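Welcome, and thanks for taking a look at this model. Please have the coordinates open while you read, as the report moves from the sheet to the helices and ends with a loop.

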Amino acid sequence: MYDFDRYFRTQELVSRKVFQKFGERSIRFLDPNILVAAGKIRKHFGRPVIINNWHYNGYNQQRGLRANTDSLVYEKTINGILYLSPHLLGKGIDFEIIGLDHKEVAEEILKNSDKFEEIKRMENTALTPGYTHVDTLDFGYSKIQIFG
Ligand SMILES: [Zn+2]
């Protein structure tokens, strides 16, 4: 359906718990636009893009969809901390590109923003050491908004 399917597995967008319950159907919880964006990023850079890697014994499992049992959400909830992240809505990904610094990745996406019309926001790279956050949360701006 998207280039996403060519380059990624569903596990890369959800945590182990979500995948254990919903399997391949987990992908339904993701915004189709973030899947398109991930596919475009992979194609544009022509290098492996790492989102979640828990399914091959990696540490990351909260870089795509975050569910209520995932620790980043769970800990904020039990501590009464408000948390509204596009990751909760299946609209955000954190990723790294093998061989590229995350600031280079961000600059390249911004420079080519006309190619990535699904991407609406990017987190300030000073706050995202080693990864890049993009999301499809649309507040009606015509350019990619930098936040954080
Ligand atoms: Zn993020």
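A residue counts as buried if 20 or more other C-beta atoms lie within 10 Å of its own, and as exposed if 12 or fewer do. With that in hand, strand β4 is a good place to begin in this predicted model. Thr-132 and Val-134 point one way from β4, while His-133 and Asp-135 point the other way, and all are buried.

**The sheet around β4**

How are the strands ordered in the sheet? There are 5 strands in an open sheet, in the order β1-β2-β4-β3-β5, and the pairing is mixed. The edges are taken by β1 (49-50) and β5 (145-147), each of which has a single partner strand, so one side of each is left without a neighbour in the sheet.

As general background, strands of a sheet pair through backbone hydrogen bonds, either parallel or antiparallel. Here, strand β2 (residues 92-97) pairs with strand β4 (residues 132-135) in the antiparallel sense over 4 bridges. Strands β3 and β4 also run antiparallel and are joined by 2 bridges. Some of the bridge partners are listed here:

| Residue | Bridge partner in β4 |
|---|---|
| Gly-92 | Asp-135 |
| Ile-93 | Val-134 |
| Arg-121 | Asp-135 |

Asp-135 thus appears as the bridge partner of Gly-92 and of Arg-121.

**Helices on the sheet**

Helix α3 (residues 32-45) lies across β1, β2 and β4, and it runs at about 15° to β2. Helix α5 (residues 102-111) packs on the sheet too, where it touches β2, β3 (121-123) and β4. The direction of α5 makes about 30° with that of β4.

Which residues of α5 are buried? They are Val-105, Ala-106 and Ile-109. These residues are on the same side of α5 because they cover an arc of only 95° around the axis. What covers the buried residues of α5 includes β2, β3 and β4. On the face of α5 turned away from its buried side, you will find the exposed residues Glu-107 and Lys-111.

**A residue to check in the loop**

If you like to look through backbone torsions, stop at Asn-57, which lies in the loop between β1 and α4 (71-78). Its phi is near 65°, a positive value in a residue other than glycine. Is Asn-57 buried or exposed? Asn-57 has 6 other C-beta atoms within 10 Å, so it is exposed.

Terms used:
Residues are numbered from 1 along each chain as its sequence is written. This is a predicted model: local features need pLDDT of at least 70, side-chain atom pairs count only at pLDDT 80 or more; totals for chains, interfaces and linings use all residues. Two strands pair if DSSP finds at least two bridges between them. Two residues are in contact if their C-beta atoms, placed from the backbone, lie within 7 Å. Axes are lines fitted to C-alpha atoms, for helices over the stretch in contact, and angles run from 0 to 180 degrees between N-to-C directions. The arc is that of the directions from the helix axis to the C-beta atoms.
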